[in-house]
Each structure stands twice: as structure tokens, then as C-alpha cells.
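Work through the exercises below with the sequence and the structure at hand. Try each task before reading its solution.

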Amino acid sequence: MEIFYSELCLIGGAVEDNVDRLIAYGAENIELMLDGTGWNDFPRRMEELVSALRARKVGYSVHVPVWDINLTCGNAHVRDAVLETYRQSIVLASKLDAKHVVLHTGWCSDPHFSKDEGRARAREAMLALHDFNAGYGQNLLVENVGTNATSLFTEDQFVEFLNDFPEDFGYLVDVGHAFINGWNLDTLFARLGKRLRALHIHNNDGIKDRHAPLAEGNMDWNAILDAAMSPGGKLNLVLEYNIGTELERLREGKAFLEARCGAKR
Ligand SMILES: [Zn+2]
């Protein structure tokens, strides 16, 4: 088990400053969130960013850009652009020896659009990324995103999505998203088995995706963490708190997870 702080809470700031601020609050691993001004046009600044980030002695994971971005949108030009930014995220991750890369599947932006078509596009894109990743060897993880209205996947469809994918493809469960959508958090993790490699951890009231600190919401963390740890694989735990959250909440969350889940395993 390793604990990460997501850069989401500092979106818009300069990347190097964000990382330094998270380190000042105890970060040992940081999930870079490639959105906002700091990450604009990041492929052109790749070498400069990599050298600044490697100089900081922390581990990294990489979250693909997601704001204004939909991998399975109904326009082919947009889909191609999204796929390219995902490829560049994998390149960056490999230069940072990232511990995982989080991929969003896209979502259904209007009820008139077909979720079947969206899932088919997601599948095609993920397989293309798997091929691209052959040269980079990154730990690619698919995240559950969206509300019941916008998510391309029901719980069963998400569990089955990677069934015939190569074994190295894995899942990240965003526990807050799963809670809002009423997924069964007692059984979900075991159903994902060996492919479950990471969690996004944040709290909410079961209605709004607040990305709140651990202690602020209706989720039963003792039960959730027991269920998530029981399959026995190594899990990366990412505290993904909302923009503007006080950074002290990250330090508290990390202390809770360390006490609850034990030392690194
Ligand atoms: Zn998430």
C-alpha cells in the first residue's frame, strides 16, 4: 500500500509549486492531474517538467486530462485529440517512472447519445492505448466516472469491461463515484480481483460528487477499506480532494489510512 495526494486540490497553479506545497504537507507520492493552466500544452514542456519533477524526491502517478475532454464524444476530431493527449500522458508517466496512469473512459453528455456506442468507443480507445503502451510499460488503470445519468457503465458493465483485455490492464475504483451511483462497495473490490490496483479516496453525502475529505460525508471508511484490502493485492490509495481543500486535510487523511491499513505492503 502506498498513499498518494492528488494534485486536483491545487488545479490552476504552477506544477512545481503545487508539488512543493503537497510535499510540505507530507506527500511521499503525488498523483499529477494534467489539467489547468499549469499543464497547458504539457508535451511541449515535457523535458523541463520532467527534470523539475524528478528533482523532487517523491513518487508519482499520472491522471490524464479530463476537464472539457471526452474520449468517447460524438465527434471524431475531438476523440482523436483526446486520444493523443492520453498518449502524451503515458509518455510523461514513463519519463517519471510513474506508479500508475489513470484513464477516464469518457461519458455520455446527453441522453440522446448511445451508451452502447460510447462503450464500444471506449473499448477501441483502450485497446489502442494498450498497443501504444507496449513501448512504455506503464501500469494503465481504468477509472469509473460519471453519475448514473452520464456514466457509460453500470456496476456490472464496469466489472466486465476488461474481461477480455490483456492481463496487465487494471482498474482504479473511485470510491466516491461508486457510492453516489449506489454500487455495492461490499462486493465490488472482490469482483475486480487482481485487476484492482488503486483507489481514489474522497467523501460525499451520496448525492453530490463533492470530493470532500475523509471525515466529511456519509461513507463508512472502515467497511470500505476492509473490503478493498481483502483481495490482497498491492493498492495505491489516492486522496483526491476537491479544489480549494485545506492541505492539512491531506495530512490527516494520510495518517488515518496509515493507521487503518498498516504499513506499506
Ligand atoms: Zn477520481
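## Exercise 1: the core

Val-101, Leu-103, Leu-141, Val-173 and Leu-199 touch the most other members of the largest nonpolar core, which has 72 residues. A nonpolar core is a set of buried Ala, Val, Leu, Ile, Met, Phe, Trp, Tyr and Cys residues joined through C-beta atoms within 7 Å. A residue is buried if 20 or more other C-beta atoms lie within 10 Å of its own, exposed if 12 or fewer, and partly exposed in between, with C-beta atoms placed from the backbone.

The model is predicted: local features need pLDDT of at least 70, side-chain atom pairs count only at pLDDT 80 or more, and totals for chains, interfaces and linings use all residues. Residues are numbered from 1 along each chain as its sequence is written.

Task: find which element gives the largest share of this core, and list what Leu-103 touches.

Solution.
- Step 1. The largest share, five residues, comes from α3. Helices (H or I, at least four residues) and strands (E, at least two) are DSSP runs, numbered from the N terminus.
- Step 2. Not counting residues up to four places away in sequence, Leu-103 touches Val-64, Tyr-86, Met-126, Leu-129, Leu-140, Leu-141, Val-142 and Glu-143. Contact requires that the C-beta atoms of two residues, placed from the backbone, lie within 7 Å.
- Step 3. In soluble globular proteins, nonpolar side chains tend to be buried together.

## Exercise 2: the barrel

Task: state the order in which the strands close into a barrel, then follow the pairing from β5 round to β2.

Solution.
- Step 1. The order of the eight strands is β1-β2-β3-β4-β5-β6-β7-β8, with parallel pairing. Two strands pair if DSSP finds at least two bridges between them.
- Step 2. β5 (residues 140-143) pairs with β6 (residues 170-174) over three bridges, in the parallel sense. Here Leu-141 has Gly-170 of β6 as its bridge partner.
- Step 3. β6 and β7 run parallel and are joined by four bridges, with Leu-172 opposite Ala-198 in β7. Of the six residues of β7 (residues 196-201), six are buried.
- Step 4. Four bridges also pair β7 with β8 (residues 236-239) in the parallel sense; Leu-199 stands opposite Leu-237 in β8.
- Step 5. β8 is joined to β1 by four bridges, and the two run parallel. Phe-4 faces Val-238 in β8 as its opposite residue. In β1 (residues 2-6), four of five residues are buried.
- Step 6. β1 runs parallel to β2 (residues 29-33), joined by two bridges, and Ser-6 stands opposite Glu-31 in β2.

## Exercise 3: two helices

Task: describe how α3 and α4 cross, and sort their contact residues by class.

Solution.
- Step 1. The axes of α3 (residues 76-95) and α4 (residues 115-132) come within 11 Å and cross at roughly 35°. Axes are lines fitted to C-alpha atoms, for helices over the stretch in contact, and angles run from 0 to 180 degrees between N-to-C directions.
- Step 2. α3 contributes Arg-79, Leu-83, Tyr-86, Arg-87 and Ile-90 to the contact, and α4 contributes Arg-121, Ala-125, Ala-128, Leu-129 and Phe-132.
- Step 3. By class, seven residues are nonpolar, none polar and three charged. Ala, Val, Leu, Ile, Met, Phe, Trp, Tyr, Cys and Pro count as nonpolar, Asp, Glu, Lys and Arg as charged, and the others, Gly among them, as polar.

## Exercise 4: one residue

Task: decide whether Leu-22 is buried or exposed.

Solution.
- Step 1. Leu-22 is found in α1 (residues 15-24).
- Step 2. Leu-22 is buried because 24 other C-beta atoms lie within 10 Å.
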